[in-house]
Amino acid sequence: MRTLVSIESRRDQGMNVRLQRLGVAVGVVFAVLAARLWYLQIIRGSDYAAMADRNHLRVVPVTAPRGRILDREGREIARNRLSFTLSVLPEAVPNAPQQLFPELARLLRVPEAKLQEAWESAARRYSFEPVRLVRDMKLDQLIAIEEHRASLPGVFVEEEPVRDYPLGATAAHVLGHVGLIGMEDLKRLSDEGYRGSDIIGLAGIERYYERDLRGTGGYRQIEVDALGRYRRLVGEQPPVPGHDLKLTLDLELQQKTENALIDGIQKAEERRLDDPKLRSGKSVTAGAVVVLDPRTGAVLAMASFPAYDPGRLLPWEPDRAAYLSYLNRDEASPFLNRATMGTYAPGSAFKVVTGVAALEERKFGLNERWYADGLGPYGKKDWMVSQKLVPGWLTLVSGFEWSSNDFFWELGHRVGVDALAEWARRFGLGQPTGIDLPGDRPGLVPDRQWKKQRYRNQPAWAQQWYEAETLDMAIGQGFLEVTPLQMAVVYMAVANNGIAYRPHLVQSIKRPDGTFVRTVTPSVLLQVQASPSTWKAVREGLKAVVNGPHGTAKDKMKDVPVPVAGKTGTAQVGDGESQPHAWFAAIAPADDPQVVVVVVVEHGGSGSGAAAPIAEDVLKAYFQEYPPRSPASATATASRQESG
């Protein structure tokens, strides 16, 4: 009996030990859980609260309105308007093309391929960046999305400012255009806050002044549910609009300049078609005009034709792809700003450089005469030979008047290629002008060293510089290449006794509140050192071109209300079948220069026949708006315009 009691006692003791051990284990577990709970709630509580917020809050970038672009009188050339944009958060819908696009395409009544294209072209770097699928939504599209928002995870509608070009193609090459940011730009600018699907300047002023125009983006904090569907706006930081740019362009003069250029090109083409000998050559379809104030370097008008409508290139335009394809197929290259990027032989418009070089190098005297019979060395014949004209004894002034190649061949021979090239560079040729536009081409000033390097893989005879090439260069032919803007700088220097200001398009930059960021003051680009008598003689020669009895532009400026000095240019092209490029460069008034106009018409024929009439129309338009004043009042007016 005692044995049974002993066994029961030991069994109870063992059970108690096990229960004690279990209690300790349970206590340890609860202690660990309590410690973990204390750690999570007290130590890491704020971190996990933030993570929870991030699970249902999204920060959506808000694009700042781009700054406006205004002409010198404050008239809008580029502006903004409010639109609605359909955006998707990729992290909420990783497989959006399959999950969302069929339904979105049905609701929006757009091709699914268009949504796919927007999705793939968005240069995003992170999954939390929204992809803007459809910009500038129509009202019926907006209503359809709002009605079905509950079934569209990760989809929301943003209010977004979009670019608007109210004047169509006017000043297109100056303004440029905007578009979706590419991956290269995104990598370069991501540290400045750029994100995928952002709009960025792609050309012209829009590109050059991107940082000023862009502004500072804001954000919206939105709440989404577990499926990533928009619920409500939690908070926001409004964006700061970009700076407004006030240009030196005169909108009215710009439009008249463009019309004059288009009209002149059409008339030149009509003349070509009327001549059976010229019909097989290239059509007359392109040209450029530069109008600037020689007292400041301000560009008053800049036209290039053919042009394009920047508004039709905006990413949300329905016909953008077709329009872009059309422009890219156009052999006349509508995207090319011929004023700053078109390079041509200048023809006789270059003779002002040759004349200054000959006088300053003491290779020809102010009162010296030389007999021009039209027959040059190396079998060269002046253009006047075919018309049975023999100028005879010529001074520098009458050499300009007749535009005698024979005369300027002689000057080029005396000066030599090395000195002539050096003088061309002093006038700013062979280097960019420094204008505030992308694509400011330097052109080409050839010399012995250039030719040797250019043809280094050719036989020695091909690398050698020949005297005949110097003669070609003296009359603006051969390897020499310039842009219309460079020639405007050359004639600005002639107008100002050697001083040329840096050409510029922006006059002032203002913040949205109207305060100035900066104003542009005239800055000297170059100064050609030459005697007053040299400048006077060259300008007298240019006046004789327009007003002399043998002037190549005689009677071409008769409707301009002030005396004009200028130079025609007819630059031969290489194919031998097409008409030459036509040039005309003008300074007016001749004795008190207030404006410089340079015109080039590709394959336009003669400078007097194609380019000079365009310059006449531009000068008439200019003096209708800016009547000639006394030198003192004109200079004061120019200063006020620049400071405004």
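**Note on a predicted model: salt bridges, one sheet and some surface residues**

1. In this predicted model, the side chains of D140 and R109 meet in a salt bridge, with 2.4 Å from N to O; a salt bridge here is a side-chain nitrogen of Lys or Arg within 4 Å of a carboxyl oxygen of Asp or Glu. Because D140 belongs to helix α6 (residues 139-147) and R109 to the loop between α4 (101-108) and α5 (112-121), the pair ties together parts that are 31 residues apart in sequence. D140 is partly exposed, with a relative accessible area of 37%, while R109 is exposed, with a relative accessible area of 64%. Buried stands for under 20% relative accessible area, exposed for over 50%, and partly exposed for what lies in between, with a 1.4 Å probe and protein chains only.

2. Some conventions should be kept in mind while reading. Residues are numbered from 1 along each chain as its sequence is written, and side-chain values use heavy atoms, with hydrogens and water left out. As the model is predicted, local features need pLDDT of at least 70 and side-chain atom pairs count only at pLDDT 80 or more, whereas totals for chains, interfaces and linings use all residues.

3. For the protein as a whole, there are 23 helices and 21 strands; helices (H or I, at least four residues) and strands (E, at least two) are DSSP runs, numbered from the N terminus. Of the 644 residues, 51% are buried. Among contacts between residues at least 6 apart in sequence, 72% join residues at least 24 apart, where contact means heavy atoms within 4.5 Å. The protein exposes about 29,300 Å², and carbon and sulfur atoms supply 52% of that area, as given by the Shrake-Rupley method with a 1.4 Å probe, in which only the protein chains shown count as cover for residues.

4. The structure holds 37 salt bridges, and a second one to look at joins R135 and E160, whose closest N and O atoms are 3.1 Å apart. R135 lies in the loop between β4 (131-134) and α6, and E160 in strand β5 (residues 155-164), so this pair ties together parts that are 25 residues apart in sequence. R135 counts as buried at 7% relative accessibility, and E160 is buried too, with a relative accessible area of 3%.

5. A third salt bridge links K256 with E252, the closest N and O atoms being 3.3 Å apart. Both residues lie in helix α11, 4 residues apart, which is about one turn of the helix. K256 is partly exposed at a relative accessible area of 33%, and E252 is partly exposed at 35%. Elsewhere, salt bridges that share partners join R132, R135, E158, E160, D198 and R214 into one network.

6. How are the strands ordered in the open sheet of 5 strands? The order is β12-β11-β21-β20-β19, and the pairing is antiparallel; two strands pair if DSSP finds at least two bridges between them. β12 (299-305) and β19 (565-571) stand at the edges with a single partner strand each, so one side of each is left without a neighbour in the sheet. Neighbouring strands are turned by 5 degrees against each other on average, direction ignored. The axes behind such values are lines fitted to C-alpha atoms, for helices over the stretch in contact, and angles run from 0 to 180 degrees between N-to-C directions.

7. At the β19 edge, β19 pairs with strand β20 (residues 581-588) in the antiparallel sense over 7 bridges, and T568 stands opposite F584 in β20. Helix α21 (residues 532-547) lies across β19 and β20, running at about 75 degrees to β19.

8. T285 is found in the loop between α11 (251-274) and β11 (287-292), and at 36% relative accessibility it counts as partly exposed. Not counting residues up to four places away in sequence, T285 touches I265, F305, P306 and A332. T285 and F305 are 20 residues apart in sequence and 7.7 Å apart in space, C-alpha to C-alpha.

9. T519, in strand β17 (residues 516-519), is partly exposed at 39% relative accessibility. Leaving aside neighbours within four places in sequence, T519 is in contact with Q507 and S508, and the C-alpha atoms of T519 and Q507, 12 residues apart along the chain, are separated by 6.1 Å.
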